[in-house]
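Thank you for making time for this. I would like to go through one model with you, starting from a single side chain and working outward, so please keep the structure open while I talk.

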Amino acid sequence: MIDKELAVPPPTVFMPRRGRVWRQPATAAAVFVVAALVVAAQLTPILVLLGAIALPVSGLLVVIGLNTLIRRTPQLLMDAEGLTVPQLGRIHWDEIAGVRPSTAGTHEVILLTGHPGAPFPPRPPMLGRLAVRTNRRTGTREAIFTVAALPMDAKALIADMRRCHRGLTVLPSED
């Protein structure tokens, strides 16, 4: 008979929720387009330059949102070995010193803290390397990911993380 306490939990895959994933880049793109139109109406050289920057950024946000929706990339994968977040890459449970729920603006986020002296996150994807490099230079030991596209809030997600790895240290919320 298998002891349920020692049994390895099955992997948990969180797929993006269509409405939540699309809302963020679409809203940001709309703000950039409106800002670009307002800037273009002013016709000062600096504002025209800002408008020229805003239009490609809004296009990039729309492409990222569409890519996420079309490919149906999992937003989070948790198993007995660790977790995988597209923005952070694969992180093993023993590389995480602590987890903390927090907020960034109006979004709930989860802060993952690494061990002192070790690079964190250890294997960032290409698009996340700039942020990780900046964090390392400033001495920041935390990685952040939002739960906006996930079907649960930060505290429920942390409880699910503890189900996958019972030794996970949960730090108190800063809020």
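Arg163 counts as partly exposed because its relative accessibility is 30%, where buried means under 20% relative accessible area, exposed means over 50%, and partly exposed lies in between, with a 1.4 Å probe and protein chains only. The side chain of Arg163 meets that of Asp160 in a salt bridge at 2.8 Å, N to O, the criterion being a side-chain nitrogen of Lys or Arg within 4 Å of a carboxyl oxygen of Asp or Glu. Asp160, at 13% relative accessibility, counts as buried. The two residues are 3 apart in helix 4, and are therefore separated by about one helical turn; helices here are DSSP runs of H or I with at least four residues, strands are runs of E with at least two, and both are numbered from the N terminus.

Before going on, a word on provenance. This is a predicted model, in which local features need pLDDT of at least 70 and side-chain atom pairs count only at pLDDT 80 or more, while totals for chains, interfaces and linings use all residues. Residues are numbered from 1 along each chain as its sequence is written, and side-chain values use heavy atoms, with hydrogens and water left out.

How many salt bridges does the rule give? The count comes to 2. Besides the pair in helix 4, there is one between Arg90 and Asp79, again at 2.8 Å, N to O. This pair links distant parts of the chain, since Arg90 belongs to strand 4 (residues 89-92) and Asp79 to the loop between strand 2 and strand 3 (82-85), 11 residues apart. Arg90 is partly exposed, at 22% relative accessibility, whereas Asp79 is buried, at 16%.

Let me return to helix 4, residues 154-164, which lies across strand 5, strand 6 and strand 7 and runs at about 35° to strand 6; axes are lines fitted to C-alpha atoms, for helices over the stretch in contact (heavy atoms within 4.5 Å), and angles run from 0 to 180 degrees between N-to-C directions. Those 3 strands form an open antiparallel sheet in the order 5-6-7, two strands being counted as paired if DSSP finds at least two bridges between them. Its edge strands, each pairing on one side only, are strand 5 (96-104) and strand 7 (142-146), and the twist averages 25° from one strand to the next.

Strand 5 pairs with strand 6 (residues 107-114) over 8 bridges, including the one from Ala104 to His107, while 5 bridges join strand 6 to strand 7, with Ile110 and Phe145 as one of the partner pairs. Which way do the side chains of strand 7 point? They alternate, with Ala143 and Phe145 buried on one face, and Glu142, Ile144 and Thr146 on the other face and not buried.

Elsewhere, Ile46, Leu49, Leu50, Ile53 and Val57 make a nonpolar surface patch of about 470 Å². Patch residues have over 30% relative accessible area and no salt bridge, with like charges joined within 9 Å and nonpolar side chains (Val, Leu, Ile, Met, Phe, Trp, Tyr) within 5 Å; areas come from the Shrake-Rupley method with a 1.4 Å probe, and for residues only the protein chains shown count as cover. Ile46 sits in helix 2 (residues 45-71) and, at 64% relative accessibility, counts as exposed.

To close with the whole chain, it has 4 helices and 7 strands, and buried residues make up 32% of its 175 residues.
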